[in-house]
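Open the model in your viewer and keep the selection panel at hand. The stops below go from one helix to the cores and then to the charged pairs.

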Amino acid sequence: MTALGSILLGSADPKRLRDWYRAAFRCEPRDDGFIDYGGVSLLIDGRDDVAAGTAEPGRVVLNFHVEDARGVAAHLDELGVEWLARLEDRGPGLFGTLIDPDGNYVQIIEMGEEYLIHRGLKQPRALHSAAPFSGFSVDDIPAAKAFYSEVLGLKVGEENGMLLLHVDGARVLVYPKDKHVPAEFTVLNFPVSDIDAAVDELTARGVSFLRYEGAPMDEKGIVRGGDGPLIAWFTDPAGNVLSVLQ
């Protein structure tokens with residue numbers, strides 16, 4: 001994978017330019033001189049082959065995406081920056097272009113919610129209230145609670161006749177269904193650092209691991225071989241398929 005990791009700005013006066021970017025966007029350089037802005041770093045370096053001012057400022061424009069463009073613009077006004085185009089609403093978002101001390105063009109951008117949702121970069125406001133979580137059904141809530149809490153050792157809450165499994169910060173809803181039919185896929189995977197130890201411990205707790213004909217399984221029921229992870233499957237009392245995998 002190729003990634004744009006940094007941008008180099010050559011300058012005849014790198015200290016002046018570096019101090020301007022530090023003040024304008026309130027971010028301190030690292031020990032190696034790079035200034036981190038999100039996923040891209042900016043390095044301002046002195047060069048003997050550049051003029052004091054940029055000859056073609058529109059050729060390369062630095063875009064800074066911000067969450068509060070009006071607040072950033074007010075801060076920049078306090079610093080007395082030179083604007084090429086003041087902040088304005090251009091439909092998909094707010095844009096403003098300023099000029100750094102070397103004459104380079106710099107844009108501040110705050111894209112609108114509709115644009116971000118359309119690009120898949122943001123959820124609709126109705127879905128902002130909490131982190132999503134998955135769920136599956138069982139035919140016997142008391143049996144499921146005993147299995148997930150006592151056999152698997154998970155923290156299990158119960159409310160309104162349903163269970164809420166807490167798995168390392170994630171939540172899984174378990175709900176009753178009279179005509180429950182186990183899914184034909186694995187409903188819950190547990191990543192482990194040592195699959196042999198995990199299988200041995202669960203086996204000692206009464207868990208029976210599934211055997212699939214043709215799969216390269218060892219005597220414990222662990223699939224070994226191929227390009228995938230080490231994995232072993234088992235079921236809960238309702239027949240839902242679970243796994244541990246390394």
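A residue is called buried when its relative accessible area is under 20%, exposed when it is over 50%, and partly exposed in between. The model is a predicted one.

**Stop 1: helix H2**

Select residues 69-79, which make up helix H2, and colour Ala69, Val72, Ala73, His75 and Leu76; these are the buried residues of the helix. Now look down the helix axis. The buried residues of H2 fall within an arc of 160°, so they line one face of the helix. The general reason is that an α-helix has 3.6 residues a turn, so residues three or four places apart point the same way.

Which exposed residues does the face of H2 turned away from its buried side carry? Select Arg70 and Glu78 to see them.

Next, show what lies over the buried side. The cover on the buried residues of H2 includes helix H1 (14-25) and the strands E5 (82-89), E6 (93-99) and E7 (105-111). Before leaving, click on glycine 80, just after H2, where phi is positive at about 75°.

**Stop 2: the nonpolar cores**

Select Tyr148, Leu152, Leu165, Phe234 and Val244. They have the most contacts inside the largest nonpolar core, a set of 29 residues. Elements that each supply at least two residues of this core are helices H4 (141-151) and H5 (195-204), together with strands E8 (134-138), E10 (162-167), E11 (170-176), E12 (186-191), E13 (231-235) and E14 (241-245). The largest share, five residues, comes from H4.

Centre the view on tyrosine 148 and display its surroundings. Leaving aside residues up to four places away in sequence, tyrosine 148 touches Phe136, Gly153, Leu154, Val156, Leu165, Asp236 and Leu242. Apart from this core lies another, of 24 residues; Leu9, Trp20, Tyr21 and Val66 are among them.

**Stop 3: valine 181**

Go to the loop between E11 and E12 and pick valine 181. Is this residue buried or exposed? Valine 181 counts as exposed, because its relative accessibility is 65%. With the distance tool, connect the C-alpha atoms of valine 181 and glutamine 107: they are 56 Å apart in space, with the two positions 74 residues apart in sequence.

**Stop 4: salt bridges**

Side chains of opposite charge can pair when their charged atoms come close. How many salt bridges does the structure hold? There are 17.

Start with glutamate 28 and arginine 22, which form a salt bridge with their closest N and O atoms 2.7 Å apart. Glutamate 28 is exposed, at 53% relative accessible area, whereas arginine 22 is partly exposed, at 30%.

Then select lysine 220 and aspartate 196, whose side chains meet in a salt bridge of 3.2 Å, N to O. This pair links distant parts of the chain, 24 residues apart: lysine 220 is in the loop between H5 and E13, and aspartate 196 is in helix H5. Lysine 220 is partly exposed, with a relative accessible area of 24%, and aspartate 196 is partly exposed with 24%.

Add aspartate 200, which also meets lysine 220 in a salt bridge (3.2 Å, N to O). Aspartate 200 lies in helix H5 and lysine 220 in the loop between H5 and E13, so the pair ties together parts that are 20 residues apart in sequence. Aspartate 200 is partly exposed, at 40% relative accessibility.

To finish, select Asp196, Asp200, Asp218, Lys220 and Arg224: salt bridges that share partners join these residues into one network.

Technical notes:
Residues numbered from 1 in each chain as written. Predicted model: local features only at pLDDT ≥ 70, side-chain atom pairs only at ≥ 80, totals over all residues. Heavy atoms only, no water. Core = buried A, V, L, I, M, F, W, Y, C linked by side-chain atoms within 4.5 Å. Buried < 20%, exposed > 50% of the residue type's maximum accessible area, 1.4 Å probe, protein only. Helix = DSSP H or I, 4+ residues; strand = E, 2+ residues; numbered from the N terminus. Contact = heavy atoms within 4.5 Å. Salt bridge = Lys/Arg side-chain N within 4 Å of Asp/Glu carboxyl O. Arc of directions from axis to C-beta.
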